[in-house]
Amino acid sequence: MSLFRLDASILPASSASRSLADLVEAEWIAAHPDSSVVRRDLAVEPVPATAWADVVTSGFVEAEQRTERQLEARALAKTVADELIDAEALLFAVPLYNYGVSQHFKTWFDLAYTDPRIDPQGTALRGKPATLVTVLGGNYAPGTPKEGWDHSTAWLRRVLVDVWGLDLRIVERPFTLVGVNPALDAFADAAAELKAQAESDATTYGQELAALRGNVA
């Protein structure tokens, strides 16, 4: 039995997404103390930006004509797909960066997506329980001045649910830059409430993740 955890924050020491993911993971470990947690930290070990293209172009040539870089990319693609397939549950911690999805996560997703077991016709991940933790420096909720500026969360939901078919729950914490950016000081109370709600959700969804568990393909 194992949990796969992926972190995409570029600031491990002060990451709000990691802190929330820690709460989810703690519930998993409490329920399954003998299970393993397979980790992939995209800040410590980012996926090469060329890997996806190397896998795609390797499909246009005979196996014996593939370059060393193409072979390495193909091996890495299989590894990242295996990590997803072999786990019983998945945990993703992915911040919003510059109004869009983390480039580290997108590069990782593109590479994993080359594996035919988890492309739109693949079934290896269908129904697997997963939790997505995402944090946003500002607040992009309906009715806010920057409503619609979050171009990450909807994309993440689309690829994780509609493409991979995961049974997904989302923990979201806005206003993480309150206390960092003086322009947001007026929202301190709202930020504290949103943080508390996100922490509560992380604990609840962690318990649900541990209870659901998935089937290893």
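**Group meeting: a walk through the fold**

Okay, let's start with a pair of strands: β6 and β7 run parallel to each other, and the pairing covers 7 bridges. Bear in mind that this is a predicted model. Within that pair, L132 sits opposite I170 in β7. To get from β6 to β7 the chain goes through α5, and that β-α-β crossover is right-handed.

Now, the inside. The largest nonpolar core has 35 residues. Which of them touch the most other members? Those are L84, F92, F105, W108, I118, L160 and W164. If you want to colour the core by element, the ones giving two or more residues are β1 (2–7), α2 (51–58), α3 (68–86), β3 (89–93), α4 (103–112), β6 (129–135), α5 (153–163) and β7 (167–173). So that I don't skip it: the largest share comes from α3, with 6 residues.

Let me pick L160 out of that list. Leaving aside residues up to four places away in sequence, L160 touches F92, F105, L132, G165, L166 and L168. You'll recognise L132 there, the residue opposite I170. There's also a second core, separate from this one, with 16 residues, including L3, W28, L91 and A202.

Next up is α4. Is this helix enclosed or open? Seven would be the number to look for: 7 of the 10 residues of α4 are buried, so the helix is largely enclosed by the rest of the structure. The buried ones are H104, F105, W108, F109, D110, L111 and A112. Two of those names, F105 and W108, also came up among the residues touching the most other core members. At the N-terminal end of α4, S102 acts as the cap, with a side-chain oxygen 3.2 Å from the backbone nitrogen of H104.

Last residue for today: S17, in helix α1, which spans residues 16–31. Buried or exposed? S17 has 1% relative accessibility, and because the cut-off for buried is under 20%, it counts as buried. Its side chain does have a polar partner: the side chain of S15, at 3.0 Å. Again setting aside residues up to four places away in sequence, S17 touches S9, A93, V94, P95, V133 and V135.

And for those of you who like annotations: UniProt, in an unreviewed entry, labels residues 1–193 as "domain: Flavodoxin-like fold". In the model, the end C-alpha atoms of that span are 35 Å apart, and the span is 36% helix and 18% strand.

That's it from me.

How values were computed. Residues are numbered from 1 along each chain as its sequence is written. This is a predicted model: local features need pLDDT of at least 70, side-chain atom pairs count only at pLDDT 80 or more; totals for chains, interfaces and linings use all residues. Side-chain values use heavy atoms; hydrogens and water are left out. A nonpolar core is a set of buried Ala, Val, Leu, Ile, Met, Phe, Trp, Tyr and Cys residues joined through side-chain atoms within 4.5 Å. Buried means under 20% relative accessible area, exposed over 50%, partly exposed in between (1.4 Å probe, protein chains only). Helices (H or I, at least four residues) and strands (E, at least two) are DSSP runs, numbered from the N terminus. Contact means heavy atoms within 4.5 Å. A polar contact is a pair of N or O atoms within 3.5 Å; within protein, one must be able to donate a hydrogen and the other to accept it, and residues adjacent in sequence count only if both atoms are side-chain atoms. Two strands pair if DSSP finds at least two bridges between them. A crossover is right-handed if, with the strands pointing away from the viewer, the path from the first strand over the helix to the second runs clockwise. UniProt positions are given in the numbering used here, feature names are shortened, and annotations may be inferred rather than shown by experiment.
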